[in-house]
Amino acid sequence: MIKKWNYLPLTLHQQQEADEIKEACGGSGTLAELLIRRGVRDKEDAEKFFSPSIADLHDPFLMPDMDKAVNRLNKAMGAKERIMVYGDYDVDGTTAVALVYKYLQNYYSNLEYYIPTRYEEGYGISRKSIDYAADNGVKLVIVLDCGIKAVEEVTYAKERGIDFIICDHHVPDEELPPAVAILNPKMPGSPYPCRDLSGCGVGFKFMQAFAKSNGLSNHNELESLLDLVAVSIAADIVPITDENRVMAYHGLRRLNSNPNLGLRSIIRLCKLTNKDITISDVIFKIGPRINASGRMQSGIEAVDLLVTRDLHDAYEKGQNIDQYNKDRKELDKRITEEANNLIAKDVTIVEGKRSIVICNKDWHKGIIGIVASRLTELYYKPSVVLTLSDGMATGSARSVQGFDIYAAVNSARHLLENFGGHTYAVGLTLKEENIIEFAKIFEDYVAANIKPDQLEPQLNIDAEIPFSEITPEFIAQLKKFNPYGPGNQKPVFMTRNVFDFGTSKLVGHNLEHIKLELEDNSTSRVINAIAFNMAQYFEHIHAHKPIDICYTLEPNKHNSQESVQLMIRDIRPSAKQS
């Protein structure tokens, strides 16, 4: 399965640091090791890690231009100007628009929201939206999760008497739009401590600054919107570190206790009611449904859902979005199959190359990002998937772990009409006649800059433990490491010289999985495990030969009783056979 296991024991200095924070981990040296690997170095940091506090959020006015943004918003509200809240059509954009709109609605009524259509207007700020704003008396536009490269569009808006406040988190170019204020933690030289906010997170910081400047002391009004921020953090796959961890932690608590009506309807449709909703649930169940609106129809329907105050209306809108997601799944499956068939017929697409660039004029624009992710997972190469319309190619690029695909796309920027994104995901547009040259320059950059180990799956192991350590107390402490995500991935453990208890069996429609009951020499307890798509190891295991396993620890509920199950990530025969 996974070709390379990476495990480095702690250095002597790191071990000394781990010994100092063991007490905060219930006395577990293994859990202290996990903290050290996550950059936690002392007891104070450990306490903050285990108990994220709203009080630890950074001062929003540390972000450059925040004072300008707040002053312009206050001026607009004082003059009763019409304000438009504008955002991208993906999960991050629609949650950001919903958050800012819902918060400002508490204090101001002369505002509306706008989401561009993926198919007519495309990504970012469109001229159509500016014309709409001008025709409807809008004087201020708050842009969320896009706009950092919209130099021409914001210039055009200024000519039409419209000011812009840009709240973005994508990488800026040297030339910036002539906005009244640009809020972006990635601005060069920015002193803001958390560079990796989501677009919705930037919107939250703007509203936090607005509240602070106006002496608005009802913190619950703002903190009640953290469920939207948590959804954006999970769906946009930003690091769950620093204040992202604080917002994700409290946002998940809100999702599990009192989510907004729109999210409540999605939770119900996902069959997550009365379950402990995790970041993983947001990534695989809640996020894709919200995203499906912008992929299949219009992202504005997602905002309509997220801002509604009527329970019946929320459930009705949620059902529509759930259907979009079902349609999206069918389309995703078909296009992925077509992409794989295309590669099977023309092996030169992947053979001898470090990247994949593939195009089909009939592919659905809203699905190509998902297909690019699928190809990256399958072939473990940075991938670009393109579709054509009216002589223009629209594409999505996805990367492998550790490789900056934004820099790779940027190397061919002279061929592009438009592009934007971050390290692992980029959207781009180019003329059809430039596709071949783009593919060559992209491949040349990848070949010159990607490291060999980035082209094969890697499994990073957090700690090596015997089964005797997997106790109820250990599991209870491990739960405090939530929420998991980039920068704080679910810990992967390794145990060597494990044996089948004698009751393991093949399961699944095609007997492709193994349901395991395992033991080692450290304890008499038998541990349950599941190994998906690893049937090739069954004979070795069933012959009672020792194996080494990598796994995560997952809760397993059966008949209202909660136990723990090992989710096997990889298996290999033990080096020392007995």
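The following legends describe close-up views of a predicted model.

**View 1. Parallel sheet with strand order β3-β2-β4-β5-β6.** The five strands form an open sheet with parallel pairing. Strands β3 (111–114) and β6 (181–183) occupy the edges, and each has a single partner strand, so one side of each is left without a neighbour in the sheet. From one strand to the next, the twist averages 20 degrees. Within this sheet, strand β2 (residues 82–87) is joined to strand β4 (residues 138–144) in the parallel sense over six bridges. Ile83 stands opposite Leu140 of β4.

**View 2. Ile83 and the largest nonpolar core.** This core comprises 77 residues, and Ile83 is listed with Leu73, Leu99, Ile142, Phe206, Met207 and Ile286 as having the most contacts inside it. Helix α5 (residues 91–105) supplies the largest share of the core, nine residues. Leaving aside residues up to four places away in sequence, Ile83 touches Leu73, Ala76, Met77, Tyr108, Asn110, Leu111, Glu112, Val138, Leu140 and Ile142. Apart from this core lies another, of 41 residues, which includes Cys25, Val40, Phe50 and Ile568. In soluble globular proteins, nonpolar side chains tend to be buried together.

**View 3. Mixed sheet with strand order β7-β8-β9-β11-β10.** Five strands make up this open sheet, and their pairing is mixed. At the edges stand β7 (356–359) and β10 (416–421); each has a single partner strand, so one side of each is left without a neighbour in the sheet. The twist between one strand and the next averages 15 degrees. Strand β10 pairs with strand β11 (residues 425–431) in the antiparallel sense, over five bridges. The bridge partner of Gly421 in β11 is Val426. Helix α16 (residues 368–379) lies across β7, β8 (383–389) and β9 (392–398), and runs at about 45 degrees to β9.

**View 4. Helix α10 and its surroundings.** Of the ten residues of helix α10 (residues 226–235), nine are buried, so the helix is largely enclosed by the rest of the structure. The buried residues are Leu226, Asp227, Leu228, Val229, Ala230, Val231, Ser232, Ile233 and Ala234. Just after α10, Ile237 adopts a positive phi of about 50 degrees.

**View 5. Two of the aromatic pairs, of which the structure holds 14.** The ring centres of Tyr103 and Tyr107 are 5.6 Å apart and the ring planes meet at 65 degrees, so this pair is edge-to-face. Tyr103 is buried, with a relative accessible area of 1%, whereas Tyr107 counts as partly exposed at 31% relative accessibility. For Phe493 and Tyr551, the centres lie 6.2 Å apart with the planes at 40 degrees, so the pair is tilted. This second pair links distant parts of the chain, as Phe493 belongs to strand β14 (residues 493–500) and Tyr551 to strand β18 (residues 547–558), with the two residues 58 positions apart. Both Phe493 and Tyr551 are buried.

**View 6. An aromatic cluster and charged groups placed over rings.** Phe49, Phe50 and Phe481 are linked into a cluster by ring pairs. Over the ring of Phe50 sits the charged end of Lys480, 6.0 Å from the ring centre. Phe50 also belongs to the core of 41 residues. In another such arrangement, Arg572 lies over the face of Trp5, at 3.8 Å from the ring centre.

Key
Residues are numbered from 1 along each chain as its sequence is written. This is a predicted model: local features need pLDDT of at least 70, side-chain atom pairs count only at pLDDT 80 or more; totals for chains, interfaces and linings use all residues. Side-chain values use heavy atoms; hydrogens and water are left out. Rings of Phe, Tyr and Trp (its six-membered ring) pair if their centres lie within 6.5 Å; planes under 30 degrees apart count as stacked, over 60 as edge-to-face and the rest as tilted. Buried means under 20% relative accessible area, exposed over 50%, partly exposed in between (1.4 Å probe, protein chains only). Helices (H or I, at least four residues) and strands (E, at least two) are DSSP runs, numbered from the N terminus. A charge sits over a ring if NZ of Lys or CZ of Arg is within 6 Å of the ring centre and within 35 degrees of the ring normal. A nonpolar core is a set of buried Ala, Val, Leu, Ile, Met, Phe, Trp, Tyr and Cys residues joined through side-chain atoms within 4.5 Å. Contact means heavy atoms within 4.5 Å. Two strands pair if DSSP finds at least two bridges between them. Axes are lines fitted to C-alpha atoms, for helices over the stretch in contact, and angles run from 0 to 180 degrees between N-to-C directions.
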